[in-house]
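I opened this entry to keep track of what I looked up, sheet by sheet and then residue by residue.

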Amino acid sequence: MIHIINAGHGDCLLIDINDTLILIDAGPKKFKVRRELIASIQSIINKRDIDIAIVTHLDDDHIGGFEGLISAGVCIKQVLFNHILKIPIVSNQPQNKKISFDQDINLQLKLHHVGIKSTPFNSDSLPIKINDIIISPISPVSSTLTSLGNEYIKKHQKKICDHKKTEASLHDYIDKITKNEDKFESDTSISNKSSIAVIVEYGEFRGLFLGDSHESDIINGLQKIKNQRPFTVVKLSHHGSHKNTSYKLIELIGDTEYIICADKTKNGHPNNITIARILSFNPSARFHFSSDNENIRNIINECHRLNFKVNATFPKNNVNSIL
């Protein structure tokens, strides 16, 4: 079971498989979202421990809710977290100034204080095996973490946001793809590039969870894997942003179902061009959304209006639970 928890414009996924709980991100720090998210997680786990939590990267909409979750008494046995102070280029620097990486540092201090083991995890790490479940990293590469460390040292976190603009319609984007006029523009955010992306495998299940990873890193990571099997489901990178999911990546992933953690309130995520790329590859795609509002529903309604036989699931009581 995968529980896609409504984190507004943020990520929070709880995988419950073979009596094992794996949490991927915990949404933003914003009080209302955090409060409802914690209540949802507590209801799902029913006093069980979370075996592994993955902090994909340091952006608030992924890392922000972890401190509140731990303070609420949710027990986490192990955290996979490339926190800034463990990056070699940073660990040799004096740590006497508070800068823009404060949520990263504060979470690491919180984990240390409550005695939770924190383990760096990147593409060079060996897969983790727990209760016949295999968690394999495909990103980030170590050089990306070095670049992130350089940003820390310069006391400046680079954040690239799309300027608000009117999107073209699904129909127009599909037409551009058909005419081979879709020019992919890659994400440039170093914090997104530092995302932990993993493959989770158990029996016939094979899930791909991409955080906010860059398209080129995902492609490179997947191409290194031998004996590829189809993916049961993929959590699209960066809330379905047009800068993280190219048609080339969709083709490489193959026929699957798509999880999208976004509510279309920020930067238009999920972007229409991302949906159009998926529809051009699979006209009968199946989507699983973390949020349910008019803007999200309009995406599916437009797909149906254009005669695409897509299916979609939405959260009930802030949780979209899929088998």
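My notes on the sheets come first, followed by single residues and the aromatic rings.

**Entry 1: the seven-stranded sheet**

I noted at the start that this is a predicted model. I then looked up the strand order of the open seven-stranded sheet. It reads 6-5-4-3-2-1-15, and the pairing is mixed. Which strands stand at the edges? They are strand 6 (117-119) and strand 15 (319-322). Each has a single partner strand, so one side of each lacks a neighbour in the sheet. From one strand to the next, I get an average twist of 20°.

I checked the strand 15 end next. Strand 1 (residues 2-5) pairs with strand 15 in the antiparallel sense, over four bridges. As a register mark I wrote down isoleucine 4, whose bridge partner in strand 15 is asparagine 320.

Then I went to the other end. Strands 4 and 5 run parallel and are joined by five bridges. Here isoleucine 50 has isoleucine 76 of strand 5 as its bridge partner. Strands 5 and 6 also run parallel, with three bridges between them. The register mark there is valine 79, bridged to serine 118 in strand 6.

Why do I call strand 5 largely enclosed by the rest of the structure? Five of its six residues are buried, so that description follows.

**Entry 2: helices across this sheet**

I looked up what lies across these strands. Helix 1 (residues 31-45) lies across strand 1, strand 2 (13-17), strand 3 (20-24), strand 4 (50-55) and strand 15. Helix 1 runs at about 165° to strand 1. Helix 5 (residues 102-114) lies across strand 4, strand 5 (76-81) and strand 6. Its angle to strand 5 is about 150°.

**Entry 3: threonine 20**

I picked one residue of strand 3, threonine 20. Is threonine 20 buried or exposed? Its relative accessible area is 0%, so it counts as buried. I listed its contacts, leaving aside neighbours within four places in sequence: Ile15, Arg48, Asp51, Ile130, Asn131 and Ile133. With asparagine 131 there is a polar contact, side chain to side chain, at 2.8 Å.

**Entry 4: the eight-stranded sheet**

I moved on to the open sheet of eight strands. Its order is 7-8-9-10-11-12-13-14, with mixed pairing. Strand 7 (128-130) and strand 14 are the edge strands, and each pairs on one side only. Ignoring direction, neighbouring strands of this sheet are turned by 20° against each other on average.

I checked one pair inside the sheet. Strand 10 (residues 205-209) and strand 11 (residues 233-235) run parallel, joined by three bridges. Glycine 207 has valine 233 of strand 11 as its bridge partner. Helix 9 (residues 215-223) packs on the sheet and touches strand 8 (133-139), strand 9 (197-202) and strand 10. I noted about 130° between the directions of helix 9 and strand 8.

**Entry 5: aromatic rings**

How many aromatic pairs does the structure hold? I found four. I took up the pair of phenylalanine 289 and phenylalanine 314. Their ring centres are 5.6 Å apart and their planes meet at 10°, so the pair is stacked; the cut-off is under 30 degrees. Phenylalanine 289 belongs to strand 13 (residues 286-289), and phenylalanine 314 to the loop between strand 14 (311-313) and strand 15. The pair therefore ties together parts 25 residues apart in sequence.

I looked up burial for both rings. Phenylalanine 289 has a relative accessible area of 0% and is buried. Phenylalanine 314 reaches 15%, which also counts as buried, because the limit is under 20%. Both belong to one aromatic cluster, formed by Tyr258, Phe287, Phe289 and Phe314. I also noted arginine 297, which lies over the face of phenylalanine 314, at 3.8 Å from the ring centre.

**Entry 6: serine 169**

Last, I turned to a loop residue. Serine 169 sits between helix 6 (142-153) and helix 7 (170-178). Its relative accessibility is 27%, so I logged it as partly exposed. A polar atom of its side chain lies 3.1 Å from the backbone nitrogen of aspartate 172. I also took one long-range distance. Serine 169 and alanine 285 are 116 residues apart in sequence, and 18 Å apart in space, C-alpha to C-alpha.

Methods
Residues numbered from 1 in each chain as written. Predicted model: local features only at pLDDT ≥ 70, side-chain atom pairs only at ≥ 80, totals over all residues. Heavy atoms only, no water. Pairing = 2+ DSSP bridges. Helix = DSSP H or I, 4+ residues; strand = E, 2+ residues; numbered from the N terminus. Axes fitted to C-alpha atoms, helices over the stretch in contact; angles between N-to-C directions. Contact = heavy atoms within 4.5 Å. Buried < 20%, exposed > 50% of the residue type's maximum accessible area, 1.4 Å probe, protein only. Polar contact = N/O pair within 3.5 Å; in protein donor to acceptor, adjacent residues only side chain to side chain. Phe/Tyr/Trp six-rings, centres within 6.5 Å; stacked < 30°, edge-to-face > 60°. Lys NZ or Arg CZ within 6 Å of the ring centre and 35° of its normal.
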